[in-house]
Amino acid sequence: MSIMRLEIVTAEKIIYSDEVSSVVAPGTAGQLGILPNHAPLLTSLKPGELRILKEDKEVNIAVSGGFLEVLQNVVTVLADTAERAEDIDVERAQDALKRAQDKVNSSDSDLDLERAIQSLKRSQARVYVSKRKRSSASRTKVK
Ligand code: ATP
């Protein structure tokens, strides 16, 4: 089975570094599916879910934006922030989502709307990734 190298880093730390079978990433121009030996590519990322397949295991990571490069069978993600599903504090993300929703809906003229929208998208991605992981874990338990 063919594989490629995946490195996901933020300014703070290495989030993931391993050989993988496929990556699905939230590109700003749309969802990107990357398989081994992909052509060279450089793209920006939007807030969303990064799905990694390694053998038959899936790893889910929330990213808030950044860049993804594919070069010589190595995929490098430079993420603004990135958290593995199991490391997401879902209550914190839900609180942030609520705060951002309140700001977006407020009529405050001093509001930095673009900042509030970015915060909303980051927290939505975190809530989505952590909840999806939980529901797939409970399905596995039932089997
Ligand atoms: P908050 O208002 O809750 O801080 P935020 O969107 O402003 O959310 P960021 O500035 O994007 O937070 O992230 C700051 C740091 O906190 C990053 O290292 C990020 O990975 C981490 N982080 C943010 N939210 C969560 C969360 N819900 N669970 C785990 N780590 C988080």
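A polar contact is a pair of N or O atoms within 3.5 Å. The exercises below use a predicted model.

**Exercise 1. The ligand**

Task: Find which residue has a side-chain N or O atom 2.7 Å from an oxygen atom of the ligand, and decide whether the pair is a polar contact.

Solution:
1. The residues surrounding the ligand include Glu 12, Thr 81, Glu 83, Asp 89, Arg 99, Arg 122 and Arg 126.
2. The side chain of Arg 122 has an N or O atom 2.7 Å from an oxygen atom of the ligand.
3. The cut-off is 3.5 Å, so this pair is a polar contact.
4. Arg 99 also reaches a ligand oxygen, with a polar side-chain atom at 2.8 Å.
5. At Asp 89 a polar backbone atom takes part, 2.8 Å from a nitrogen atom of the ligand.
6. The ligand taken alone exposes 600 Å², and the protein buries 70% of that.

**Exercise 2. Three strands**

Task: Trace the bridge partners of Ile 52, a residue of β6, in the strands β3 and β7.

Solution:
1. Strand β3 covers residues 22-27 and strand β6 residues 48-54; they pair in the antiparallel sense over three bridges.
2. Val 23 has Ile 52 of β6 as its bridge partner.
3. Strand β7, residues 57-63, pairs with β6 over seven bridges, again in the antiparallel sense.
4. The partner of Ile 52 in β7 is Val 59.
5. β6 and β7 form a hairpin with two residues between the strands, where Glu 55 takes a positive phi near 50°.

**Exercise 3. Salt bridges**

Task: State which salt-bridge partners Glu 58 has in Arg 51 and Arg 132, and which network they belong to.

Solution:
1. Side chains of opposite charge can pair when their charged atoms come close.
2. Between Arg 51 and Glu 58 the closest N and O atoms are 3.4 Å apart, in a salt bridge.
3. Arg 132 and Glu 58 form a salt bridge as well, at 3.1 Å from N to O.
4. This second pair links distant parts of the chain: Arg 132 is in helix α2 (residues 113-142) and Glu 58 in strand β7, 74 residues apart.
5. Arg 51 is partly exposed at 32% relative accessible area, as are Glu 58 at 31% and Arg 132 at 26%.
6. Another salt bridge joins Glu 83 to Arg 126, with the closest N and O atoms 2.9 Å apart.
7. Glu 83 lies in strand β10 (residues 82-84) and Arg 126 in helix α2, so the pair ties together parts 43 residues apart in sequence.
8. Glu 83 is buried, because its relative accessible area of 18% is under 20%.
9. Through shared partners, salt bridges join Glu 49, Arg 51, Glu 58 and Arg 132 into one network. The structure holds nine salt bridges.

**Exercise 4. Two leucines**

Task: Decide for Leu 6 and for Leu 78 whether each is buried, partly exposed or exposed.

Solution:
1. Leu 6 lies in strand β1 (residues 4-9), and Leu 78 in strand β9 (residues 74-79).
2. Leu 6 has a relative accessible area of 0%, so Leu 6 is buried.
3. Leu 78 has 47% relative accessibility and therefore counts as partly exposed.
4. Together with Leu 42 and Phe 67, Leu 78 makes a nonpolar surface patch of about 340 Å².
5. As for position, Leu 6 is 116 residues from Arg 122 in sequence and 22 Å from Arg 122 in space, C-alpha to C-alpha.

Notes: Residues numbered from 1 in each chain as written. Predicted model: local features only at pLDDT ≥ 70, side-chain atom pairs only at ≥ 80, totals over all residues. Heavy atoms only, no water. Patch = residues over 30% accessible without salt bridge, like charges linked within 9 Å, V, L, I, M, F, W, Y side chains within 5 Å. Areas by Shrake-Rupley, 256 points an atom, 1.4 Å probe, with all protein chains shown as cover. Salt bridge = Lys/Arg side-chain N within 4 Å of Asp/Glu carboxyl O. Helix = DSSP H or I, 4+ residues; strand = E, 2+ residues; numbered from the N terminus. Buried < 20%, exposed > 50% of the residue type's maximum accessible area, 1.4 Å probe, protein only. Near = heavy atom within 4 Å. Polar contact = N/O pair within 3.5 Å; in protein donor to acceptor, adjacent residues only side chain to side chain. Pairing = 2+ DSSP bridges.
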